[in-house]
Amino acid sequence: MTIAQVSKKYDLSQDTLRYYERIGLIPAVTRNKSGIRDYSETDLGWVEFTKCMRSAGIQVEALIEYVALFQKGDATIEARKQILIEQRDQLTAKIEEMQRTLDRLNHKIERYDEGLWKAERKLVRTAD
């Protein structure tokens, strides 16, 4: 696939894709004989993985380290697993914090609803 096709498929700008490759967020992309990026299925897997992880808020630095370790081979399996565990733990904490915030917002909304109901009831009584 060309960079334009990948950009459209994953809703990422071509500049973003080039940037991800330049900083090591995704491994070097396969190139054709003319030196133009020709994304393979493996390359697409890295783009999808990176987009998923970034949209969840996973740290860029952790992903760069993960990719670098991956490229070093099987000797880095435990180190890669540890990065994923640490990022999972951080994401879990964020989700829990967001859930507490959502619960608080829902409670506030319920209080507004209760107050609105009481205010509407008062209006009905005065109309009688």
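Reader: How many aromatic pairs does the count come to?

Author: This is a predicted model, and its side-chain pairs are computed from the atoms. Ring centres must lie within 6.5 Å to pair. By this rule the count comes to five.

Reader: What kind of aromatic pair do Trp46 and Phe49 form?

Author: The ring centres of Trp46 and Phe49 are 5.9 Å apart. Their planes stand at 90 degrees. Planes over 60 degrees apart count as edge-to-face. So the pair is edge-to-face.

Reader: Why are Trp46 and Phe49 separated by about one helical turn?

Author: Both residues belong to helix 3. About one helical turn separates them because they are three residues apart.

Reader: Is Trp46 buried or exposed?

Author: The cut-off for buried is under 20% relative accessible area. Trp46 has 11% relative accessibility. Phe49, with 23%, is partly exposed. Trp46, by contrast, counts as buried.

Reader: What is the angle between the planes of Trp46 and Phe70?

Author: Trp46 and Phe70 also form an aromatic pair. Their rings are 4.9 Å apart, centre to centre. The pair is edge-to-face, with the planes at 75 degrees.

Reader: How many residues apart are Trp46 and Phe70?

Author: Trp46 sits in helix 3. Phe70 sits in helix 4, residues 60–71. The pair links distant parts of the chain, and the separation is 24 residues.

Reader: Which residues form one aromatic cluster?

Author: Trp46 pairs with Phe49. Trp46 also pairs with Phe70, a residue that is partly exposed at 38%. Tyr66 belongs to the cluster too. The full cluster is Trp46, Phe49, Tyr66 and Phe70.

Reader: Which residues is Thr76 in contact with, leaving aside its neighbours within four places in sequence?

Author: Thr76 is found in the loop between helix 4 and helix 5. Thr76 is buried, with a relative accessible area of 10%. Its contacts beyond those neighbours are Leu69 and Phe70.

Reader: Which residue has its backbone oxygen reached by the side chain of Thr76?

Author: A polar contact needs N or O atoms within 3.5 Å. The Thr76 side chain comes to 2.7 Å from a backbone oxygen. That oxygen belongs to Gly73.

Reader: How many salt bridges does the count come to?

Author: Side chains of opposite charge can pair when their charged atoms come close. Here the nitrogen and oxygen must be within 4 Å. By this rule the count comes to four.

Reader: How far apart are the closest N and O atoms of Arg18 and Asp15?

Author: Arg18 and Asp15 are three residues apart in helix 2, so about one helical turn separates them. Arg18 is partly exposed at 29%, while Asp15 is exposed at 57%. Their salt bridge has its closest N and O atoms at 3.0 Å.

Reader: What parts does the salt bridge of Glu21 and Arg37 tie together?

Author: The closest N and O atoms of Glu21 and Arg37 are 2.6 Å apart. Glu21 lies in helix 2 and Arg37 lies in a loop, so the pair ties together parts 16 residues apart in sequence. The parts are helix 2 and the loop between helix 2 and helix 3.

Reader: Which residues are linked with Glu21 in a network of salt bridges?

Author: Glu21 is buried at 13%. Arg37 is buried too, at 18%. The network links Glu21 with Arg31 and Arg37.

Reader: How far from Asp43 is the nearest side chain of opposite charge?

Author: Asp43 is found in helix 3. Asp43 is buried yet has no salt bridge. A salt bridge would need a distance within 4 Å. The nearest side chain of opposite charge, Arg37, is away by 8.8 Å.

Reader: Which side chain does a polar contact join to that of Asp43?

Author: The Asp43 side chain reaches the backbone nitrogen of Ser40 at 2.9 Å. A polar contact of 2.9 Å also joins Asp43 to another side chain. That partner is Thr30.

Reader: Which helix gives the most to the largest nonpolar core?

Author: The largest nonpolar core has 20 residues. Helix 1, helix 2, helix 3 and helix 4 each supply at least two of them. With five residues, the one that gives the most is helix 4.

Conventions. Residues are numbered from 1 along each chain as its sequence is written. This is a predicted model: local features need pLDDT of at least 70, side-chain atom pairs count only at pLDDT 80 or more; totals for chains, interfaces and linings use all residues. Side-chain values use heavy atoms; hydrogens and water are left out. Helices (H or I, at least four residues) and strands (E, at least two) are DSSP runs, numbered from the N terminus. Buried means under 20% relative accessible area, exposed over 50%, partly exposed in between (1.4 Å probe, protein chains only). Lys and Arg count as positive and Asp and Glu as negative; His and the chain ends are not counted. A polar contact is a pair of N or O atoms within 3.5 Å; within protein, one must be able to donate a hydrogen and the other to accept it, and residues adjacent in sequence count only if both atoms are side-chain atoms. Rings of Phe, Tyr and Trp (its six-membered ring) pair if their centres lie within 6.5 Å; planes under 30 degrees apart count as stacked, over 60 as edge-to-face and the rest as tilted. Contact means heavy atoms within 4.5 Å. A nonpolar core is a set of buried Ala, Val, Leu, Ile, Met, Phe, Trp, Tyr and Cys residues joined through side-chain atoms within 4.5 Å.
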